[in-house]
Amino acid sequence: MKLRALLLGGTLAACLATPAMGQTMVGEAHDFSGSGWSDGEICKPCHTPHNALLDEASDQVGWLWNHTLTTAVYTLYDGNSADAGPDDGDAAFDKLSRLCMSCHDGTVALDAFGGETGSIFITGDHLVGTDLANDHPVGRTAIYPEEGNGDFQAADADHKLGPSGQLKLREMNVDGTLDYVVGCMTCHTPHYKGFDHQLRMTNSSSALCLSCHIK
Ligand code: HEC
Ligand code: HEC
Ligand code: HEC
Ligand code: HEC
């Protein structure tokens, strides 16, 4: 009995030590199941199995999206302003960043999902807001020079950067031209990949920053 317990314990420890096995979003920043506003579920504030959201143009948002979309107007890094989209050429940023900002700009309630209006808003350090002049450029202010130059690393054929292609540039229509831009999802993941701040790779020794910037 004792030996068996020891063996089981050893197996469990080995599993926990294998990073590829256990990287789930359970208990991480986007696990809202313990918050009163989430209906006790993890996925539901963002996804639904049925009746997913349509955008203003009555197109599927995609990804079985369930959270009300932001329609805010932003002050951009360059001081100009632009709206959340849809991505018809004059939006501030790519379609996926819009999904993030639908909670993080503070204009739509966290509990605005499944057709509810909601009343609880994001606060503190997690509130990015609508003034992006003091944030790393995204979208139309962060068009990436994919071929690389003296300041930027070259992206690969799949529009990815980083030691093993962890950072993906996002497609965006900027004033009628298809560009590849930095978006929230370039650096972050909505789920969890084992790194602090929901990042896609470590930023230890600024490895994430140096995956793009040559400094
Ligand atoms: C905070 C919002 C959020 C939560 C919570 C969330 N997701 Fe997602 N999910 C996204 C976004 C944004 C995308 C689209 C971007 C992408 O491809 O990762 C996505 C994409 C996906 C995809 C398709 C792309 C892929 O990564 O395979 C699946 C499947 C998925 N989510 C499953 C889940 C499940 C299951 C849960 C709950 C355990 C969950 N998500 C919770 C935001 C969320
Ligand atoms: C349903 C609303 C919602 C959506 C959609 C959402 N977030 Fe969040 N996010 C939150 C909340 C609430 C927190 C704070 C959780 C807490 O209190 O720890 C958070 C926390 C974070 C954090 C901080 C993590 C940490 O460990 O410090 C990051 C980074 C983040 N979100 C990025 C994103 C990105 C990128 C997207 C789009 C892919 C996104 N979020 C979409 C609600 C959301
Ligand atoms: C160029 C990469 C990059 C982009 C693009 C980016 N972030 Fe971040 N973000 C980071 C890093 C790195 C951190 C961790 C900062 C630190 O070490 O405190 C972070 C932290 C955060 C946090 C946690 C703040 C805190 O103080 O704990 C939130 C929330 C967040 N980002 C949301 C977003 C959203 C929403 C977008 C899109 C508008 C976005 N990020 C775009 C790199 C990025
Ligand atoms: C995915 C690629 C990518 C990553 C990762 C990235 N950046 Fe950037 N960064 C850009 C792009 C593109 C711009 C906009 C460049 C321009 O002005 O044309 C930019 C702009 C900047 C600027 C503003 C430069 C100016 O002229 O005003 C600074 C500072 C900066 N990044 C620092 C960082 C830091 C610090 C990190 C890590 C937390 C980081 N970047 C991660 C691509 C990236």
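This report describes a predicted model of a protein chain and the ligands around it.

## Basis of the model

Residues are numbered from 1 along each chain as its sequence is written, while chains are lettered from A and ligands numbered from 1 in the order of writing. As the model is predicted, local features need pLDDT of at least 70 and side-chain atom pairs count only at pLDDT 80 or more, whereas totals for chains, interfaces and linings use all residues; side-chain values use heavy atoms, with hydrogens and water left out.

## The protein chain

The protein chain contains 4 helices and 6 strands. Helices (H or I, at least four residues) and strands (E, at least two) are DSSP runs, numbered from the N terminus. Read from that end, the order of elements is α-β-β-α-β-β-β-β-α-α.

Of the 215 residues in the protein chain, 35% are buried. Buried means under 20% relative accessible area, exposed means over 50%, and partly exposed lies in between (1.4 Å probe, protein chains only). A contact requires heavy atoms within 4.5 Å. Among contacts in the protein chain with a separation of 6 or more, 50% join residues 24 or more positions apart.

## Ligand 1 and its iron atom

The iron atom of ligand 1 has two protein donors, His47 (NE2) and His191 (NE2), lying 2.0 Å from it. Donors are N, O and S atoms within 2.8 Å of the metal (3.2 Å for Na, K and Ca); water is not among the atoms, so sites may look incomplete. The pair links distant parts of the chain, 144 residues apart: histidine 47 is in the loop between α1 (2-17) and β1 (73-75), and histidine 191 is in the loop between α3 (184-187) and α4 (207-210). The arrangement around this iron atom is octahedral because its 6 donor atoms subtend angles of 85 to 178°. Six donors count as octahedral if opposite donors are over 155 degrees apart and all others between 65 and 115.

Both histidines are partly exposed, with a relative accessible area of 29% for histidine 47 and 39% for histidine 191. Around ligand 1 there are 13 residues, of which Cys43, Cys46, His47, Met185 and His191 come nearest; a residue is near a molecule if one of its heavy atoms lies within 4 Å of it. This shell divides into 10 nonpolar, 3 polar and no charged residues. Here Ala, Val, Leu, Ile, Met, Phe, Trp, Tyr, Cys and Pro count as nonpolar, Asp, Glu, Lys and Arg as charged, and the others, Gly among them, as polar.

## Ligand 2 and its shell

Ligand 2 is surrounded by 18 residues, and the closest are His30, Cys100, Cys103, His104 and His197. Helix α2 (95-104) and helix α3 each supply at least two residues of this shell. The largest share, 4 residues, comes from α2. By type, the shell holds 11 nonpolar, 7 polar and no charged residues.

Side-chain N or O atoms of histidine 30 and histidine 104 each lie 2.8 Å from a nitrogen atom of ligand 2. A polar side-chain atom of histidine 197 is 3.5 Å from an oxygen atom of ligand 2.

## Ligand 3 and arginine 98

The iron atom of ligand 3 has a single protein donor, His188 (NE2), 2.0 Å away. Histidine 188 belongs to the loop between α3 and α4.

Arginine 98 is part of helix α2. This residue counts as buried because its relative accessibility is 5%. Apart from neighbours within four places in sequence, arginine 98 is in contact with residues including Glu56, Leu69, Thr70 and Phe93.

Terms used: Four donors count as tetrahedral if all angles lie between 85 and 135 degrees; four count as square planar and six as octahedral if opposite donors are over 155 degrees apart and all others between 65 and 115; anything else is irregular. A polar contact is a pair of N or O atoms within 3.5 Å; within protein, one must be able to donate a hydrogen and the other to accept it, and residues adjacent in sequence count only if both atoms are side-chain atoms.
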